[in-house]
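I'm opening a fresh notebook page for this one. I'll jot down what I look up as I go, starting with the view itself.

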Amino acid sequence: MSPYILVTLLLGLGLGTTITLTSSHWLVAWVGLEINTLAIIPIMAQHYHPRAVEAATKYFLTQATAAAMILFASTTNAWITGQWDIYQMSHPLAITLITLALALKIGLAPLHSWLPEVLQGLDLTTGLIMSTWQKLAPFALLLQLQPANPTMMIILGLSSTLIGGWGGLNQTQLRKILAYSSIAHLGWMILVLQYAPSLTLLTLVIYLIMTTSAFLTFKMNNVTNINSLALSWTKTPALTALTPLVLLSLGGLPPLSGFLPKWLILQELTKQNLEPTATFAALTALLSLYFYLRLSYSMTMTMAPNNLSGTTPWRFSLLQPTLFPTLAITGAIGLLPIAPLIWTTLTV
């Protein structure tokens, strides 16, 4: 792909997200989501691989369905109440339809089945955009949908944490594991959305940092499945020593950064007299922690097989930029000590 076309598509991606983030009218927000979708599809299909084309097609059909639901629900709300403003969404039918449409857009369970397949067909760079930037616009709309149906939000959140942990157990492809990890983390965000929107925003920011560090680490090591993780020690020993900390941070193990949002979310759910919900969410976190431990074990405590047919890349290319992985890994590992400062800043 020409660099000029790529820059134009990336600018369109940023423009669509910015329009949605700053809009208060449902039609303007819908236009921003459509610009975002149309800009990411050529980036997904730029390698002309059958899997990439298939992923782009699935993503287009899924996002088109969600966009049609949003347009239908906003039109229904305007027809009944006479309001197009996002903050004036008051009819229960319209709120339910738009919540389900936004859940489909970001991949919440049980509307999640497209996300692992789409992410598996992409390269790691595009997968990083799909797992981070593409979540911002739908989440901005979800944060403005107040009040939504709390029962439905809890069902979506618990099913996402359960399926996100359960679905990643038997996977060997890293992109599918990260997709199920995304589903599980989105479930935690949705659980507390009705009670503490600032806490949802904090969880989203920390998730973006941790996911970015994981994708950049796998990209620097050029690995896409569990078996090839065993070659990491010979290429990047220092990075391989830090990667298990990033993975365990994604799993929410203290004293790493990923423990902070889970801790605060469980505390908030307990304050809202939702002790069974908090207990179930904490138990589903153990499922996710298992496959992160599995990745850490494969990366640090196994030997590479000797019957590989390809050429083994025994040396790491020094030409790759290391600033962004360094910053992302630092954030993914060490944000917990400054948790009071972060929480105070968000709640002021």
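**Entry 1: a word I need first**

Before anything else I fix one term: I call a residue buried when its relative accessible area is under 20%, and exposed when that area is over 50%. I also remind myself that this is a predicted model.

I try the term out on Ala196. Its relative accessible area is 8%, so Ala196 is buried. I find Ala196 in the loop between α9 (174–191) and α10. I also looked up a partner far along the chain: Ile265 is 69 residues away from Ala196, and their C-alpha atoms are separated by 8.7 Å.

**Entry 2: the domains**

Next I checked how the protein is divided. The domain assignment gives me domain 1 (1–146) and domain 2 (149–305 + 321–347). I note 23 Å between the C-alpha centres of the two. For the contacts between them, I get 31 residues of domain 1 touching 33 residues of domain 2.

**Entry 3: helix α2**

I picked α2 for a length check. Helix α2 covers residues 26–44, which is 19 residues, and at 1.5 Å a residue it should span 27 Å. The C-alpha atoms at its ends are 27 Å apart, so the expectation and the model agree.

Which residues of α2 are buried? My list reads Trp26, Ala29, Gly32, Leu33, Asn36, Thr37, Ala39, Ile40, Ile41, Ile43 and Met44. What do these buried residues pack against? I wrote down α1 (3–22), α3 (50–81), α4 (92–106), α5 (114–120), α6 (124–131) and α7 (136–144).

I zoomed in on Ile43, which sits in α2. Its relative accessibility is 3%, and therefore I count Ile43 as buried. Setting aside neighbours within four places in sequence, I see Ile43 in contact with Leu6, Leu9, Leu10 and Thr126. I also paired Ile43 with Leu122: they are 79 residues apart in sequence, yet 9.5 Å apart in space, C-alpha to C-alpha.

**Entry 4: the largest pocket**

Now for empty space. Rolling a probe the size of a water molecule over the atoms shows where it is left.

The largest pocket comes out at a volume of about 240 Å³. It is lined by 13 residues, and those closest to its centre are Leu10, Thr125, Thr126, Leu128 and Ile129. The elements that each give two or more residues to this lining are α1, α6 and α10 (197–221). The largest share is from α6, with 5 residues. By class I sort the pocket lining into 8 nonpolar, 3 polar and 2 charged.

Why do I place this pocket between the domains? Domain 1 and domain 2 both give residues to its lining, so the pocket lies between them. I spot two names from my Ile43 note here: Leu10 and Thr126 are contacts of Ile43, and they are listed among the residues closest to the pocket centre.

**Entry 5: the cavities**

How many cavities of 30 Å³ or more are there? I count 3. The largest cavity has a volume of about 70 Å³. Its lining is made of Leu33, Asn36, Thr37, Tyr59, Gln63, Lys105, Gln134, Ala137 and Pro138. Elements with two or more residues in this lining are α2, α3 and α7, and α2 has the largest share with 3 residues. By class I have 4 nonpolar, 4 polar and 1 charged. Leu33, Asn36 and Thr37 were already on my list of buried α2 residues.

**Entry 6: backbone oddities**

I finished with the loops. The peptide bond from Ala109 to Pro110 is cis, with omega near 5 degrees, and Pro110 is in the loop between α4 and α5. I found another cis bond from Pro254 to Pro255, also with omega near 5 degrees. Pro255 belongs to the loop between α12 (237–251) and α13 (259–271).

Two asparagines caught my eye as well. Asn222 has phi near 55 degrees, a positive value in a residue other than glycine. Asn222 is in the loop between α10 and α11 (232–235), and its relative accessible area of 66% makes it exposed. Asn273 has phi near 60 degrees, again positive and again not a glycine. I place Asn273 in the loop between α13 and α14 (275–300). At 61% relative accessibility, Asn273 also counts as exposed.

Key:
Residues are numbered from 1 along each chain as its sequence is written. This is a predicted model: local features need pLDDT of at least 70, side-chain atom pairs count only at pLDDT 80 or more; totals for chains, interfaces and linings use all residues. Side-chain values use heavy atoms; hydrogens and water are left out. Helices (H or I, at least four residues) and strands (E, at least two) are DSSP runs, numbered from the N terminus. The expected span of a helix is 1.5 Å times one less than its number of residues. Buried means under 20% relative accessible area, exposed over 50%, partly exposed in between (1.4 Å probe, protein chains only). Contact means heavy atoms within 4.5 Å. On a 1 Å grid over the protein atoms alone, a cavity is a set of points where a 1.4 Å probe fits but cannot get out, and a pocket is an open set with protein on both sides within 12 Å along at least five of seven lines; lining residues have an atom within 4 Å of a point. Grid points are joined across faces, edges and corners, and a volume is the space filled by probe spheres set on the points. Ala, Val, Leu, Ile, Met, Phe, Trp, Tyr, Cys and Pro count as nonpolar, Asp, Glu, Lys and Arg as charged, and the others, Gly among them, as polar. Domain bounds come from an automatic or database domain assignment.
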